[in-house]
Each structure stands twice: as structure tokens, then as C-alpha cells.
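Visitor: Please choose one residue and look at it closely with me, and then lead me step by step into the parts around it. I am in my first year, and I would like one connected account rather than a list.

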Amino acid sequence: MVSFLLKSVLVVVAVFSIFSMAQASDLDILSDFIVPVGRAIDGNLFTFNGTRAIFGSVIKKFSVTKVGKAEFPVLDGQSVSLAVLQFPRGSVNPPHTHPRAAELLFVIEGSLEVGFVDTTNKLYTQTLQVGDLFVFPKGLVHYQYNSNSNELATAVSGFGSANAGTVSLPTTLFATGIDDQILAKSFKSDIATIHKIKAGLSP
């Protein structure tokens, strides 16, 4: 009886694990591509022009233009997406993670200070110039910073998922309603300091 119960529990755990893995990655489609409802199948289906406005635009704060399946539906099932990152002088893309994909960043203008932290809390950093690439492993906390006070920086990032997801640590920690007391204790600080941080994140 105990053996039967143990086997049953193991089967349930295995099925749940498989289901969880399936939900944490892109669809493994059984066709060449997925056609969004109501769309004609022609060259327009596979074309995205929402990035045209980027070129020649004037930006005053860090800006990211995402091209995932939400913006370009035909990417669904293709396990690929892209983002264009624009950094004014001295701007930063704050520490964040992409839970469903690694990121391959390619610098096309200026220079960037980049880094990520692994699961042993070791920090890896690099200064990137035009033409350099850097990989941020899947799910790890990372950042990019344009430390140059005279030049803009631009990078293009590719992801191994049509929906890589982004978890911004400042926003997740200080703008989602986590109790101030919990945050103060977690950061060995006080509630007044937590309030100042939250105020700094307000638009």
C-alpha cells in the first residue's frame, strides 16, 4: 500500500514537473508557423516595421523597443525575439532578469558597461565597444550602463524565446505593494528609507 502511494505521488510530481517545464518555454509547434486569426498569409505577415521610428529619434531617458510575439504575433512558436536598447548619456537599464530566455546583446553605437550575477553571487562585468557581443545567461540578474557622459549608446538584443519576459528588480521590489516593513527588514534599513526609494521610482 505504501509502495503504491509512493509511486502515485512520484507520478503526480513527474507530470506536474513536465507541465511546469512546458509552460516555462515556447511552444514546440507542429507546423512551419502559426497564423494569427484574421491575417492573410503573405509577405506582410512576416514583416515588422514598428522599429522604423527608432532611427533618428531623440531620446532623453533609457528606452527599449521590444519585438516579441505581443508586438509581432507571427513570432509565436518561433523561439526568437528582439529588443533595441537606446541609452542617453549616463543612463542605465536597471538590474533585471529574463525568466524564459538568455539574451545576446550586440553594441551598435557607443559603449556599455554590462554585468550579470550568477547563482553563487559572483559578478561578471565587461566594457563593450561597437561590434562587441555579450551573453546574459537565462534567468540571471543583469544590467547595462552607458557611463559615457558625451555619447549615446545603442544595442540590439536577441532572445531565445518569443516571450522572454522581463522582471525589473527595482519595480518588482518597490512598486508592487510588498509591505514596507518586510522591505525594511530585508534590506536592513528603515521604513523612511523605503519610502524615499519608492518616491524615486514614481514617474
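Guide: Ser 79 has a relative accessibility of 32%, and because this value lies between the 20% limit for buried and the 50% limit for exposed, the residue counts as partly exposed. The model is a predicted one, and every value here should be read with that in mind. Ser 79 is found in the loop between S1 and S2, and its backbone has a positive phi of about 55°, although the residue is not a glycine. Most residues other than glycine have a negative phi. Another residue to set beside Ser 79 is Lys 188, which is likewise not a glycine and has a positive phi of about 50°. Lys 188 has its place in the loop between helix H3, residues 180-186, and H4, and at 76% relative accessibility it counts as exposed, because that value is over 50%.

From the loop that holds Ser 79, one can go on to the strands at its two ends. Strand S1 covers residues 63-67, and both S1 and S2 supply at least two residues each to the lining of the largest pocket, as do S3, helix H2 (169-174) and helix H4 (191-201). This pocket has a volume of about 740 Å³. Its lining is made of 33 residues, and those that lie nearest its centre are Phe 62, Val 64, Lys 66, Asn 93 and Thr 166. Sorted by class, the lining consists of 16 nonpolar, 12 polar and 5 charged residues.

Strand S2, which runs over residues 81-87, also gives at least two residues to the largest nonpolar core, and the other strands that do this are S4 (103-109), S5 (112-117), S7 (133-136) and S9 (153-159). The core has 17 residues, and those with the most contacts inside it are Leu 105, Leu 112, Val 114, Leu 128, Phe 134 and Phe 136. Take Leu 128 as an example: if residues up to four places away in sequence are not counted, Leu 128 touches Leu 105, Val 107, Gly 110, Ser 111, Leu 112, Val 114, Leu 133 and Phe 134. Another core, of 6 residues, lies apart from the largest one, and Leu 45, Phe 72, Val 74 and Ala 162 are among its members.

The strands of the largest core also meet one another through backbone pairing. S4 and S7 run antiparallel and are joined by 4 bridges, and in one such pair Phe 106 has Leu 133 of S7 as its bridge partner. S4 also pairs with S9, again in the antiparallel sense, over 6 bridges, and there Phe 106 stands opposite Val 156.

Strand S3, named above for the pocket lining, belongs to an open sheet of 5 strands, whose order is S6-S5-S8-S3-S10 and whose pairing is antiparallel. S6 (123-128) and S10 (167-168) stand at the edges with a single partner strand each, so one side of each has no neighbour in the sheet. The pairing of S10 with S3, residues 92-97, is antiparallel and rests on 2 bridges. Thr 97, which lies in S3, has Val 167 as its bridge partner in S10. At 12% relative accessibility Thr 97 counts as buried, because the value is under 20%. Leaving aside neighbours within four places in sequence, Thr 97 is in contact with Gly 139, Leu 140, Val 141, His 142, Gly 165, Thr 166 and Val 167.

Another loop residue to look at is Ser 149, which lies between strand S8 (141-145) and S9 and counts as exposed at 56% relative accessibility. Its C-alpha atom is separated by 8.7 Å from that of Pro 88, although the two residues are 61 residues apart along the chain.

To place these parts in the whole, the protein chain has 4 helices and 10 strands, which follow the pattern α-β-β-β-β-β-β-β-β-β-β-α-α-α along the sequence. Of the 203 residues in the chain, 29% count as buried. Among contacts with a separation of 6 or more, 67% are between residues 24 or more positions apart.

Conventions
Residues numbered from 1 in each chain as written. Predicted model: local features only at pLDDT ≥ 70, side-chain atom pairs only at ≥ 80, totals over all residues. Heavy atoms only, no water. Core = buried A, V, L, I, M, F, W, Y, C linked by side-chain atoms within 4.5 Å. Buried < 20%, exposed > 50% of the residue type's maximum accessible area, 1.4 Å probe, protein only. Contact = heavy atoms within 4.5 Å. Pairing = 2+ DSSP bridges. 1 Å grid on protein atoms, 1.4 Å probe; cavity = no way out; pocket = protein on both sides within 12 Å on 5 of 7 lines; lining within 4 Å. Points joined across faces, edges and corners; volume = space filled by probe spheres on them. Nonpolar A, V, L, I, M, F, W, Y, C, P; charged D, E, K, R; others polar.
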